[in-house]
Amino acid sequence: MKNDNVKNRYRVNGQIRAREVRVVSDDGAEVMPTRQALDLARQEGVDLVEISPNAQPPVCRLIDYSKFLYQQKKRQKEMRQKQVKVEVKEIRFGPQTDDHDYNFKLKHAKEFLSEGNKVRAYVFFRGRSILFKEQGEVLLLRFANDLEEYAKVEQMPKLEGKKMFLFLAPKKVSVVKQSQQKRDRLAAEKAAKEQAKIKAAEEAKKNGMLANAKGADALQKLADNIEE
């Protein structure tokens, strides 16, 4: 079905209705009667493909139609692969969430945002807990503040029925940049530690050999004294 859509999107050869067309190539563009463009296509053993029908006059290319369709399908596939599917992850709080539960959910939110997902955090007010809606708002604002390096606020805390929602979107560029900086720093620290270990081992080996040499000299002197 998708392939048919690509194929039916373009007019080719005799399907082109305009009296004249603009033929584009690597050498430039030239306006000519459609019949002349078709003759030129036949001479070169290719097809006349209309790529911009709404232009005045319509724009065409001289190219093998099968090759042209392959290029279009490949381009569409690459575009689909580049599109990132953004999911909305939900995180639920109570109006009196303790610090342990809060930090646990904060950690998950950081993971969701680092993966490029949006976060919808909300406080659910059960029964008379709606009286603590200000407390829920403070909690969500704290949550947004703690995620400042990872997310931007799309919607401030807003009460809808028994739920107060906060919407966060990932700061993709900054998060990736910080992660890369962190990786570079850790790699540099690891390399420095390895160098220090190697240097310490060499010093120990050197000191050990020196001690052995001094010991050998002392024994030799002692033996010489005994012989004398």
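# Reading labels off a predicted model

Analyst: This is a predicted model. Lys 163 lies in strand S9, which covers residues 163-170.

User: Why is Lys 163 called partly exposed?

Analyst: Lys 163 has a relative accessible area of 31%. Buried means under 20% and exposed means over 50%, with partly exposed in between. The value of 31% falls between these limits, so Lys 163 is partly exposed.

User: What makes Lys 163 part of a patch of positive charge?

Analyst: Lys 163 gathers with Arg 92, Arg 126 and Lys 162 on the surface. A patch takes residues with over 30% relative accessible area and no salt bridge, and like charges are joined within 9 Å. Lys and Arg count as positive. At 31%, Lys 163 is over the 30% cut-off, so its area meets that condition.

User: Which residues make the nonpolar surface patch, and what is its area?

Analyst: Ile 130, Leu 131, Phe 132 and Leu 159 make a nonpolar patch of about 330 Å². Leu 131 sits in the loop between strand S7 (118-124) and helix H5 (133-146).

User: Why does Leu 131 count as exposed?

Analyst: The relative accessibility of Leu 131 is 57%. Exposed means over 50%, and 57% is over that limit, so Leu 131 is exposed.

User: Is Gln 155 buried or partly exposed, and how do you know?

Analyst: Gln 155, in strand S8 (residues 151-160), has a relative accessibility of 23%. Buried would need a value under 20%, therefore Gln 155 counts as partly exposed. The C-alpha atoms of Gln 155 and Phe 167 are separated by 5.0 Å, with the two residues twelve apart along the chain.

User: How do you know that S4 and S5 pair, and in which sense?

Analyst: Two strands pair if at least two bridges are found between them. S4 (residues 47-52) and S5 (residues 59-63) have five bridges, in the antiparallel sense, so the condition is met. Among the bridge partners are Val 49 with Arg 61 and Leu 48 with Leu 62. S4 and S5 form a hairpin with six residues between them.

User: Which other pairings involve S4 or S5?

Analyst: Strand S1 (residues 11-12) pairs with S4 in the antiparallel sense over two bridges, and Arg 11 stands opposite Glu 50 in S4. S2 and S5 run parallel and are joined by three bridges, with Val 24 opposite Arg 61 in S5.

User: What makes the peptide bond from Gln 56 to Pro 57 worth a remark?

Analyst: That bond is cis, with omega near -5°. Most peptide bonds are trans. Pro 57 is placed in the loop between S4 and S5.

User: What is noted about the phi of Asn 13, and where is this residue?

Analyst: Asn 13 has a positive phi of about 50° although it is not a glycine. Most residues other than glycine have a negative phi. Asn 13 is in the loop between S1 and strand S2 (20-25).

User: Why is Asn 13 called partly exposed?

Analyst: The relative accessible area of Asn 13 is 24%. Since buried means under 20% and exposed over 50%, the value of 24% places Asn 13 in the partly exposed class.

Definitions and conventions
Residues numbered from 1 in each chain as written. Predicted model: local features only at pLDDT ≥ 70, side-chain atom pairs only at ≥ 80, totals over all residues. Heavy atoms only, no water. Patch = residues over 30% accessible without salt bridge, like charges linked within 9 Å, V, L, I, M, F, W, Y side chains within 5 Å. Areas by Shrake-Rupley, 256 points an atom, 1.4 Å probe, with all protein chains shown as cover. Salt bridge = Lys/Arg side-chain N within 4 Å of Asp/Glu carboxyl O. Charge placed at Lys NZ, Arg CZ, Asp CG, Glu CD. Helix = DSSP H or I, 4+ residues; strand = E, 2+ residues; numbered from the N terminus. Buried < 20%, exposed > 50% of the residue type's maximum accessible area, 1.4 Å probe, protein only.
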